[in-house]
Amino acid sequence: MPAALEPVEHECLACYLLRAVCAQGCDGTQLFLLAYRDANAPRATAVARKMQLLGGYCDCEILANAIRPITREANQALEDDVDLVCKGVRRGTTQPCEHWLMRRGVQCGGGQFRRRSA
């Protein structure tokens with residue numbers, strides 16, 4: 001992988017995926033997701049499975065189905081393929097920064113949200 005496509009320190013998963021997919025395109029795999037995990041969050045072993053449960057079977061589907069933009073800047077970057085300055089996250093997390101919102105349905109621990117019956 002080219003050095004320009006390496007995750008930047010404190011860059012969130014969503015901003016990295018947007019930057020990498022815009023630069024290189026999607027090959028139908030979770031290549032950039034796994035590169036981010038290996039570099040920034042090696043203990044997040046279930047992140048690939050979690051993204052698949054949210055409809056993200058490849059890098060571009062993660063941006064389309066699992067993570068959505070909630071700021072005007074992120075929406076503009078997603079639509080027009082322009083650069084987005086990440087708000088930053090702590091090392092070791094796969095959560096998105098303030099520009100993005102993870103789709104509901106899968107907890108951070110890998111389980112699914114279920115309604116409790118009375």
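Let me start with one residue, Met51, which, once its neighbours within four places in sequence are left aside, is in contact with Leu13, Gln30, Leu33, Gly56, Ile62, Ala66, Ile67 and Met102. I should say at once that what we are looking at is a predicted model, and that every value I quote is computed from it.

Why begin there? In the largest nonpolar core, which has 31 residues, Met51 is one of the three that touch the most other members, together with Ile67 and Trp100. The elements giving two or more residues to this core are the helices H1 (13–24), H2 (31–40), H3 (47–53), H4 (59–66) and H5 (72–80), along with strand E2 (100–102). H1 provides the largest share, namely eight residues. As background, nonpolar side chains in soluble globular proteins tend to be buried together.

For orientation, the protein has five helices and two strands, and along the sequence they follow the pattern α-α-α-α-β-α-β. Of its 118 residues, 40% count as buried, and among the contacts between residues at least 6 apart in sequence, 60% join residues at least 24 apart.

Since H1 gives the largest share of the core, let me turn to the way H1 packs, taking H4 as the first partner. Two packed helices are described by the angle between their axes and the distance between the axes. For H1 and H4 the angle is about 130°, with the axes 9 Å apart, and the two helices are therefore oblique to each other. H1 passes H4 in a left-handed crossing, and the residues that meet are Ala14, Leu17, Leu18 and Val21 on the H1 side and Asp59, Cys60, Ile62 and Leu63 on the H4 side. Sorted by class, this contact has seven nonpolar residues, no polar ones and one charged residue.

The second partner is H2, where the packing angle with H1 is about 135° and the axes are 10 Å apart. H1 and H2 are therefore oblique to each other, and their crossing is right-handed. The contact is made by Leu13, Tyr16, Leu17, Ala20, Val21 and Gln24 of H1, and by Phe32, Leu33, Ala35 and Tyr36 of H2. By class, the contact of H1 with H2 has nine nonpolar residues, one polar residue and no charged ones.

While we are on H2, I would like to point out Asn40, which has its place in that helix. Is Asn40 buried or exposed? Its relative accessible area is 9%, so Asn40 is buried. Not counting residues up to four places away in sequence, Asn40 touches Pro7, Val8, Glu11, Arg91 and Gly92.

That brings me to the segment before H1, in which both Glu9 and His10 are found. Glu9 counts as exposed, at 65% relative accessibility, and although Glu9 and Arg90 are 81 residues apart along the chain, their C-alpha atoms are separated by 8.9 Å. His10 has a relative accessible area of 43% and is therefore partly exposed. His10 also has a positive phi of about 70°, although it is not a glycine.

To close, I would ask you to keep two things in view as you turn the model: Met51 with its contacts, among them Leu13, Ile62 and Met102, and helix H1, which crosses H4 in a left-handed sense and H2 in a right-handed one.

Terms used. Residues are numbered from 1 along each chain as its sequence is written. This is a predicted model: local features need pLDDT of at least 70, side-chain atom pairs count only at pLDDT 80 or more; totals for chains, interfaces and linings use all residues. Side-chain values use heavy atoms; hydrogens and water are left out. A nonpolar core is a set of buried Ala, Val, Leu, Ile, Met, Phe, Trp, Tyr and Cys residues joined through side-chain atoms within 4.5 Å. Buried means under 20% relative accessible area, exposed over 50%, partly exposed in between (1.4 Å probe, protein chains only). Helices (H or I, at least four residues) and strands (E, at least two) are DSSP runs, numbered from the N terminus. Contact means heavy atoms within 4.5 Å. Axes are lines fitted to C-alpha atoms, for helices over the stretch in contact, and angles run from 0 to 180 degrees between N-to-C directions. Angles under 35 degrees count as roughly parallel, over 145 as roughly antiparallel, 65 to 115 as roughly perpendicular and the rest as oblique. A crossing is left-handed if the near helix is turned anticlockwise from the far one by less than a right angle, and right-handed if clockwise. Ala, Val, Leu, Ile, Met, Phe, Trp, Tyr, Cys and Pro count as nonpolar, Asp, Glu, Lys and Arg as charged, and the others, Gly among them, as polar.
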